Every structure is written in structure tokens, then in C-alpha cells.
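Here are some short exercises to help you find your way around a new structure. Try each task with the model open, then read the solution below it.

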Amino acid sequence: MGASVSKARIDVKVVRLASMAPQAAPLLAGQDWPSVIPALYFARPKPDISSAMSRTRPFGPAFDRLRAARLRPTRQRLALARLLFEGGDRHVSAEQLHGEASAANVRVSLATVYNTLHHFTALGMLREVVVEPGRSYFDTNTADHHHFFCEVTSKLQDIPGRDVVVSGYPLPPQGTEICRVDVVIRIRPENS
Ligand SMILES: [Zn+2]
């Protein structure tokens with residue numbers, strides 16, 4: 001078995017591993033598999049309802065997000081990822097997330113929240129939406145879309161990507177190419 005193993009074959013192996021008893025995993029993980037396998041597969045420890053790890057539900061969607069991004073699920077990363085990703089799509093500022101972490105008794109500094117958000121963004125887990133210089137929100141919806149931004153309430157609302165047509169792009173500076181166009185339509189309540 002080596003690099004010539006087809007992707008379909010690899011997928012089958014991952015499914016089979018996931019359904020096997022945890023104690024069988026180290027034996028199989030030690031086999032001569034293509035190097036991609038260990039990143040896709042995690043040996044899950046036996047459940048222990050008395051442990052602190054079980055109380056934090058480590059194997060939820062947040063854990064899966066970190067695993068998919070190949071990020072080590074540290075306690076702080078996992079706690080922030082749970083706040084970010086386990087409540088549906090949302091736009092959140094670093095300050096808001098820091099406040100939510102404090103309310104949930106997660107001890108984390110604002111600087112760490114900033115760093116984690118930028119780290120997640122660099123890995124494609126979040127999108128940063130800059131609404132004005134020095135002020136941005138982090139968007140858990142990374143699909144193609146644009147935004148309404150209310151200048152009075154500071155609320156961001158999604159606009160489906162297909163609903164905005166941008167034409168007449170300027171030429172990008174020499175040596176660069178356009179990778180994405182983000183449209184922020186600024187709004188305010190009528191008669192405000
Ligand atoms: Zn959005």
C-alpha cells in the first residue's frame with residue numbers, strides 16, 4: 001500500500017476506521033498508509049463522563065472544524081470555536097466574542113481572541129468583513145456573499161452573492177490579480 005492508493009479507497013478506509021473500537025485504532029494507524037490518512041483520522045478516546053473533557057463536549061462541530069483545519073484543539077481554541085460555530089452563521093467582533101467567552105467562564109485575553117480570529121481567518125474558517133478602518137467583523141459564513149451594514153445599529157446582514165452584480169472592474173495594480181470582491185452596502189433606518 002502506498003501513494004498509488006486511490007482516493008476512493010482512502011475514503012472507504014476512513015469510514016471503516018471511524019466505526020471501529022478506539023483500541024483498534026493505534027494498530028491500524030501504525031500501518032503503512034498514505035501520509036494523508038493521519039490528518040483525516042483521529043483516534044477518539046473512550047468516553048469518560050466523569051472527566052472535564054466530556055463536560056465540554058469535545059467532539060462537536062467545533063472540534064470537527066479544528067480538525068479539518070489541522071489545528072490542535074487546545075482548550076481555548078475549542079471554547080472559542082464552539083462560541084463561533086455552534087450557533088449558526090453569524091457576524092461577530094473580537095470584542096463581542098471576548099464578552100461571550102467571559103460570560104461563559106472561558107478565561108481568555110482579548111489579544112488571544114484577536115489572534116485566534118485572525119488565525120481562523122487565515123485558514124479559511126472565517127471571513128473578515130471590514131466595515132470601516134479599524135473596525136471589522138468575523139463572518140462564519142465563508143460562502144460567496146455580500147453585506148448590508150446599518151450605520152445606526154452596526155448590524156450586518158447577508159446578501160446572497162448572486163444578488164449583486166459588479167461590472168467595470170478597474171485593472172488591479174501591476175503584478176496583482178483580483179481574488180474576491182466584497183460589497184458592503186451601507187444603510188440606515190428611514191427618517192433617522
Ligand atoms: Zn455574512
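**Exercise 1.** Decide whether R70 is buried or exposed in this predicted model, and find the loop that holds R70.

*Solution.* Start by counting: R70 has 9 C-beta neighbours inside 10 Å. A residue counts as exposed if 12 or fewer such atoms lie within that distance, so R70 is exposed. Next, trace the chain: R70 sits in the loop between helix 5 and helix 6. Finally, look at the backbone: phi of R70 is positive, about 60°, although R70 is not a glycine. Most residues other than glycine have a negative phi.

**Exercise 2.** Now turn to S154: say where S154 lies and what its phi is.

*Solution.* First, the place: S154 belongs to the loop between strand 4 and strand 5. These strands form a hairpin with 5 residues between them. Then the angle: S154 is not a glycine, yet its phi is positive, near 65°. Last, the surroundings: 12 other C-beta atoms lie within 10 Å of S154, so S154 is exposed.

**Exercise 3.** List the partners of strand 4 and give the sense of each pairing.

*Solution.* Take strand 5 to begin with. Strand 4 (residues 145-150) and strand 5 (residues 156-160) are antiparallel and share 5 bridges. In this pair, H147 has D158 as its bridge partner. Now take strand 6 (residues 184-187): here the pairing with strand 4 is parallel, over 4 bridges. C150 is matched with I187 in strand 6.

**Exercise 4.** Work out the order of the strands in the open sheet of 3 strands, and explain why one side of strand 1 and of strand 2 has no neighbour in the sheet.

*Solution.* The order is 1-3-2, with antiparallel pairing. Strand 1 (91-92) and strand 2 (127-132) are the edges, and each has a single partner strand, so one side of each is left without a neighbour in the sheet. To see one pairing in detail, follow strand 2 and strand 3 (residues 135-139), which are joined by 5 bridges. Along them, V130 stands opposite S136.

**Exercise 5.** Describe how helix 7 and helix 8 cross, and name residues where they meet.

*Solution.* Begin with the axes: those of helix 7 (residues 94-103) and helix 8 (residues 110-122) come within 9 Å and cross at roughly 120°. That angle makes helix 7 oblique to helix 8. The crossing is right-handed. Then go to the contact itself: A94, L97, H98 and A101 of helix 7 meet L110, V113, Y114 and L117 of helix 8. Sorted by class, this contact has 7 nonpolar residues, 1 polar residue and no charged residues.

**Exercise 6.** Find out how many residues of helix 6 are buried, and what covers them.

*Solution.* Helix 6 (residues 75-85) is mostly covered, with 9 of its 11 residues buried. Among the buried residues are R77, L80, R82 and F85. The cover includes helix 5 (61-68), strand 1, helix 7 and helix 8.

**Exercise 7.** Step back and count the helices and strands of the chain.

*Solution.* The chain has 8 helices and 6 strands. Read from the N terminus, their order is α-α-α-α-α-α-β-α-α-β-β-β-β-β. Now consider burial: 15% of the 192 residues count as buried. As a last step, take the contacts between residues at least 6 apart in sequence: 40% of these join residues at least 24 apart.

How values were computed. Residues are numbered from 1 along each chain as its sequence is written. This is a predicted model: local features need pLDDT of at least 70, side-chain atom pairs count only at pLDDT 80 or more; totals for chains, interfaces and linings use all residues. Two strands pair if DSSP finds at least two bridges between them. Helices (H or I, at least four residues) and strands (E, at least two) are DSSP runs, numbered from the N terminus. Axes are lines fitted to C-alpha atoms, for helices over the stretch in contact, and angles run from 0 to 180 degrees between N-to-C directions. Angles under 35 degrees count as roughly parallel, over 145 as roughly antiparallel, 65 to 115 as roughly perpendicular and the rest as oblique. A crossing is left-handed if the near helix is turned anticlockwise from the far one by less than a right angle, and right-handed if clockwise. Two residues are in contact if their C-beta atoms, placed from the backbone, lie within 7 Å. Ala, Val, Leu, Ile, Met, Phe, Trp, Tyr, Cys and Pro count as nonpolar, Asp, Glu, Lys and Arg as charged, and the others, Gly among them, as polar. A residue is buried if 20 or more other C-beta atoms lie within 10 Å of its own, exposed if 12 or fewer, and partly exposed in between; C-beta atoms are placed from the backbone.
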